[in-house]
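Student: I have a protein here and would like to go through its fold with you. Could we take it step by step?

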Amino acid sequence: MRGFLLLAFSLVTTAHAEFCSPDSQNAFKVRLSIKTALGDNAYAWDASEEYLFKAMVAFAMRRYSSQKTTQISNVLLCNVTDRVSFWFVVTDSSKNATTVPRGEVEAAIRMTRNRINNAFLLNDKTMQFLKISSTLPPPTESSVPIWLVVFGVVLCLIVAGILFLIVSGIQQRKKKNKEPAETKNLEEKCEVTVTIENGMPCDTLNLKTGQINGGYEADDERFTPL
């Protein structure tokens, strides 16, 4: 009886090593960064955590339409390291000598990736299924289209330019109207006015028509004829 059990155990171990290895066609590598994700609250990776991982993978396969009969025993782990990385495969429950094709396992993992991450308090960056694309949500798009933002900026610049031209025109027009008025006032001040110098009334020079000195007017008439 003991010999039979040892033989069965050795066969299971041999089959396990044959199915689950880095060289296996349908094997996947998983790398965990528990310390990075949780810091002081990080938990140790032990047999219980391995059992939970197998259960979550079996759950994913059962959720996947073509693998309703997958059990925890169909999920095999190997090459487990202290830095928490390992390989796993899923055996076909209907065909004990084969593993589930790589594409089906990948599709099942992707379908329930968030559930698996949440079970271990990790995310796609701290629980990496190598060669299985990430399920991080796509970058959010702005609610306002970019073209509308650009149009608004250009419109504001155009309006600002028009206002600047209008204000500049008004200021220049006011300046031009102000200069003739100042010139006219200056000319009016320089017109003939009567002032008193040394007790005698004197006329200031008229800038427009000039001023004739009456004292020399008679002499000019007397000496001019020959």
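**A walk through the fold**

Tutor: Let us begin with a charged pair: Arg113 forms a salt bridge with Asp124, and their closest N and O atoms are 3.5 Å apart. Please keep in mind throughout that this is a predicted model.

Student: How many salt bridges does the count come to?

Tutor: The count comes to one salt bridge. Arg113 lies in helix H5 (residues 113–119) and Asp124 in the loop between H5 and E4, so the pair ties together parts that are 11 residues apart in sequence.

Student: Is Arg113 buried or exposed? And Asp124, buried or exposed?

Tutor: Arg113 counts as buried, at 2% relative accessibility. Asp124 is buried too, with a relative accessible area of 9%.

Student: Let me step back. How many helices and strands are there in the protein?

Tutor: The protein has seven helices and six strands. From the N terminus on, the elements run α-β-α-α-β-β-α-α-β-α-β-β-α. Of the 226 residues, 23% count as buried.

Student: What about contacts across the sequence?

Tutor: Among contacts with a separation of 6 or more, 54% are accounted for by residues 24 or more positions apart.

Student: Which strands form the open sheet, and in what order?

Tutor: Four strands form it, in the order E2-E3-E1-E4, with antiparallel pairing. E2 and E4 are the edge strands, each pairing on one side only. On average, neighbouring strands of this sheet are turned by 25° against each other, direction ignored.

Student: How many bridges join E2 to E3? And how many for E1 and E3?

Tutor: E2 and E3 run antiparallel and are joined by four bridges. E1 and E3 also pair in the antiparallel sense, over four bridges. Trp87 in E3 is a useful landmark: Cys78 stands opposite Trp87, and Trp87 is the bridge partner of Lys29.

Student: Anything unusual to look at in the hairpin of E2 and E3?

Tutor: That hairpin has six residues between the strands, and Asn79 takes a positive phi near 55° there.

Student: Which residues of E3 are buried on one side, and which on the other?

Tutor: Ser85, Trp87 and Val89 are buried on one side, and Phe86, Phe88 and Val90 on the other, so both faces of E3 are covered. Six of the six residues of E3 are buried, so the strand is largely enclosed by the rest of the structure. As background, in a regular strand the side chains alternate between the two faces of the sheet.

Student: What lies across the sheet strands?

Tutor: Helix H3 lies across E1, E2, E3 and E4, running at about 140° to E2.

Student: Then where is the largest nonpolar core drawn from?

Tutor: The largest nonpolar core has 27 residues, and those with the most contacts inside it are Leu32, Phe53, Phe88 and Phe129. Strand E1 (28–32), helix H3 (47–63), strand E2 (75–78), strand E3 (85–90), helix H4 (102–111) and strand E4 (127–129) each supply at least two residues of this core. H3 gives the most, with six residues.

Student: Which residues is Phe53 in contact with, leaving aside its neighbours within four places in sequence?

Tutor: With those neighbours left aside, Phe53 is in contact with Val30, Trp45, Leu77, Phe86, Phe88, Phe120, Met127 and Phe129. Apart from the largest core lies another core, of seven residues, among them Phe19, Cys20, Trp87 and Val89.

Student: Cys20 caught my eye. Which cysteine does a disulfide join to Cys20?

Tutor: A disulfide joins Cys20 to Cys78, with an S to S distance of 2.1 Å. The structure holds one disulfide. The link of Cys20 and Cys78 is left-handed, with -80° about the S-S bond. Cys20 lies in the loop between helix H1 (2–19) and E1, and Cys78 in strand E2, so the pair ties together parts that are 58 residues apart in sequence.

Student: Are those cysteines buried or exposed? And Cys156, buried or exposed?

Tutor: Cys20 is buried, with a relative accessible area of 4%, and Cys78 counts as buried at 8% relative accessibility. Cys156, in contrast, counts as exposed, at 54% relative accessibility.

Student: One last residue. Where does Lys68 lie?

Tutor: Lys68 lies in the loop between H3 and E2. Lys68 is exposed, with a relative accessible area of 52%. Leaving aside its neighbours within four places in sequence, Lys68 is in contact with Arg62 and Arg63.

Key
Residues numbered from 1 in each chain as written. Predicted model: local features only at pLDDT ≥ 70, side-chain atom pairs only at ≥ 80, totals over all residues. Heavy atoms only, no water. Core = buried A, V, L, I, M, F, W, Y, C linked by side-chain atoms within 4.5 Å. Buried < 20%, exposed > 50% of the residue type's maximum accessible area, 1.4 Å probe, protein only. Contact = heavy atoms within 4.5 Å. Disulfide = S-S within 2.5 Å. Salt bridge = Lys/Arg side-chain N within 4 Å of Asp/Glu carboxyl O. Pairing = 2+ DSSP bridges. Axes fitted to C-alpha atoms, helices over the stretch in contact; angles between N-to-C directions.
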